[in-house]
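I opened the notebook to look up a few things in this chain. The entries below follow the order in which I checked them.

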Amino acid sequence: MLLPIKERIMKKDIFLKQVATELFYQQGLRLTSIAEICRAAGVSRVTFYKYFPTKQDLVKCIFEAQKKIENVSHKACLQSFIIFIQFYLITSKTEAVRFST
């Protein structure tokens with residue numbers, strides 16, 4: 001099976017993580033073997049082990065990437081909330097001044 005051009009160009013470690021994540025969701029961590037991940041990604045075991053010494057290392061890498069995404073998302077949400085509050089405080093003061101005069 002020939003992979004789409006985007007997936008062939010993508011860095012192999014990123015592609016392996018994506019394929020593994022999909023398989024883990026479908027079958028679970030324990031039931032997904034390195035051989036299945038390699039077969040689904042279209043890479044050899046040598047290529048897999050070049051990027052991830054063990055399946056546990058792959059799982060750890062996936063979780064760390066997810067954690068970074070969540071942290072960025074939380075920070076962006078917090079920053080949006082702060083901007084909203086600042087805007088609210090500014091407009092509240094403006095409204096208060098307008099009503100008091």
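Entry 1, cysteines. I took a disulfide to be a pair of cysteine sulfur atoms within 2.5 Å. The model is a predicted one. I searched the whole structure on that definition and found 0 disulfides. I then looked up two cysteines one by one. Cysteine 38 has a relative accessibility of 4% and counts as buried. Cysteine 61, at 24% relative accessibility, counts as partly exposed. The cut-off matters here, because buried means under 20% relative accessible area.

Entry 2, surroundings of cysteine 38. I placed cysteine 38 in helix α3, which covers residues 34-41. Leaving out residues up to four places away in sequence, I noted that cysteine 38 touches Val43, Ser44, Arg45 and Phe48. I looked up the spacing to one of these, phenylalanine 48: the two residues are 10 apart in sequence, and their C-alpha atoms are 6.8 Å apart in space.

Entry 3, aromatic rings. Phenylalanine 48 led me to the ring pairs. A pair of aromatic rings is described by the distance of the centres and the angle of the planes. How many aromatic pairs does a search of the whole structure find? I found 2. Phenylalanine 48 and tyrosine 49 make an edge-to-face pair, with 5.4 Å from centre to centre and 90° between the planes. The rings of phenylalanine 48 and phenylalanine 52 have centres 5.8 Å apart and planes at 45°, so I logged that pair as tilted. Ring pairs thus link Phe48, Tyr49 and Phe52 into a cluster.

Entry 4, cover over the cluster. Which of these rings are buried, and which are partly exposed? Phenylalanine 48 is buried, at a relative accessible area of 0%. Phenylalanine 52 also counts as buried, at 4% relative accessibility. Tyrosine 49 is partly exposed, with a relative accessible area of 39%.

Entry 5, nonpolar surface. I looked for a nonpolar patch and noted one on the surface, formed by Leu78, Phe81, Ile82, Phe84, Ile85 and Leu89. Together these residues have about 560 Å² of accessible area. I checked where leucine 78 sits: it is in helix α5, residues 55-100.

Entry 6, the chain as a whole. I counted 5 helices and 0 strands. Along the sequence the pattern reads α-α-α-α-α. The chain has 101 residues, of which 23% count as buried. It exposes about 8200 Å², and carbon and sulfur atoms supply 64% of that area. Last, I looked up the contacts in the chain with a separation of 6 or more: residues 24 or more positions apart account for 46% of them.

Methods: Residues numbered from 1 in each chain as written. Predicted model: local features only at pLDDT ≥ 70, side-chain atom pairs only at ≥ 80, totals over all residues. Heavy atoms only, no water. Phe/Tyr/Trp six-rings, centres within 6.5 Å; stacked < 30°, edge-to-face > 60°. Buried < 20%, exposed > 50% of the residue type's maximum accessible area, 1.4 Å probe, protein only. Patch = residues over 30% accessible without salt bridge, like charges linked within 9 Å, V, L, I, M, F, W, Y side chains within 5 Å. Areas by Shrake-Rupley, 256 points an atom, 1.4 Å probe, with all protein chains shown as cover. Salt bridge = Lys/Arg side-chain N within 4 Å of Asp/Glu carboxyl O. Helix = DSSP H or I, 4+ residues; strand = E, 2+ residues; numbered from the N terminus. Contact = heavy atoms within 4.5 Å.
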